[in-house]
Amino acid sequence: MKDLIRIKSMLSTETETHLNQQIKKEAFASAIYLSMAGWCDRNGYEGAADHFYKQSDEERGHQLKLFKFLSDMGGTAVSPEVTGIKQEFGSFREVFEEALEHEITVTQSFKNIMAHCHKEGDYATAEYLNWFLKEQREEEYVARRILELFDVIGESGTGHWDIDRQIHKIEYHEA
């Protein structure tokens, strides 16, 4: 019966595996951003904490969106176990450097799934993933602009305080 459902949905076992791996990456992202929010809160960076609480919620939303898509397509969506979440960071800047590195990794993961879908001729899943690739453009843009604040404003004196107050003003406007 399961194979018949797969034929009707055109979702291959390999695509299902890729999507479940992405669900786990989104769950990890939600957890690491929550950890970053906690670190920022503990160290007095309220603007950054708010940013990461919002990011954590968004990543959880992405996880659920993929989970529901996989279920709707007749696949088996797996609720992931998330472990190994870093709780401490060496500096305010390091938090954002790690956030950008994570976003780049997630973007590459979506590109890999998209390439797989095109190779298989699974255009329905590929079309669905376009939303996530657009979202990743925004995520990387915001992370890069925040890191630029460290260079533009500087970290000495009231630099961290100024950076913390500017974070919420960064928005992505699609060209």
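**Exercise 1. Find how many cavities of 30 Å³ or more the whole structure holds, and describe the largest.**

Step 1. A search of the whole structure returns one cavity of 30 Å³ or more. A cavity is a set of points, on a 1 Å grid over the protein atoms alone, where a 1.4 Å probe fits but cannot get out. The model is predicted: local features need pLDDT of at least 70, side-chain atom pairs count only at pLDDT 80 or more, and totals for chains, interfaces and linings use all residues. Residues are numbered from 1 along each chain as its sequence is written, and side-chain values use heavy atoms, with hydrogens and water left out.

Step 2. Take the volume. The largest cavity has about 80 Å³ of space. A volume here is the space filled by probe spheres set on the grid points, which are joined across faces, edges and corners.

Step 3. List the lining, meaning residues with an atom within 4 Å of a point. The largest cavity is lined by Tyr33, His51, Phe52, Gln55, Phe96, Ala99, Glu103, Glu139, Val142, Ala143 and Ile146.

Step 4. Assign elements. Helix H3 (46-72), H4 and H5 each give two or more residues to this lining. H5 provides the largest share, four residues. Helices are DSSP runs (H or I, at least four residues), numbered from the N terminus.

Step 5. Sort by class. The cavity lining has seven nonpolar, two polar and two charged residues. Ala, Val, Leu, Ile, Met, Phe, Trp, Tyr, Cys and Pro count as nonpolar, Asp, Glu, Lys and Arg as charged, and the others, Gly among them, as polar.

**Exercise 2. Describe the largest pocket and its lining.**

Step 1. The largest pocket has about 220 Å³ of space. A pocket is an open set of points with protein on both sides within 12 Å along at least five of seven lines.

Step 2. Its lining counts 14 residues; closest to the centre are His51, Lys54, Gln55, Val142 and Ile170.

Step 3. H3 and H5 are the elements that give two or more residues. H3 supplies the largest share, six residues.

Step 4. By class, the pocket lining splits into four nonpolar, four polar and six charged residues.

**Exercise 3. Work out how H4 packs against H5 and against H2.**

Step 1. H4 (residues 92-120) and H5 (residues 123-153) pack at about 160 degrees, with axes 9 Å apart. Axes are lines fitted to C-alpha atoms, for helices over the stretch in contact, and angles run from 0 to 180 degrees between N-to-C directions.

Step 2. H4 and H5 are therefore roughly antiparallel (over 145 degrees).

Step 3. H4 passes H5 in a left-handed crossing (the near helix is turned anticlockwise from the far one by less than a right angle). The contact of H4 with H5 involves 18 nonpolar, five polar and eight charged residues.

Step 4. Turn to H2 (residues 13-42). The axes of H2 and H4 come within 11 Å and cross at roughly 170 degrees. So H2 is roughly antiparallel to H4. The contact of H2 with H4 has 14 nonpolar, six polar and six charged residues.

**Exercise 4. Place phenylalanine 110 and glutamate 97, and state whether each is buried, partly exposed or exposed.**

Step 1. Phenylalanine 110 is in helix H4. Its relative accessibility is 1%, so phenylalanine 110 is buried (under 20% relative accessible area, 1.4 Å probe, protein chains only).

Step 2. Glutamate 97 is in helix H4. At 32% relative accessibility, glutamate 97 is partly exposed (between buried and exposed, the latter being over 50%).

Step 3. Add distances, C-alpha to C-alpha. Phenylalanine 110 lies 19 Å from glutamate 98, 12 residues apart in sequence. Glutamate 97 lies 15 Å from valine 152, 55 residues apart in sequence.

Note on methods
Parallel < 35°, antiparallel > 145°, perpendicular 65-115°, else oblique.
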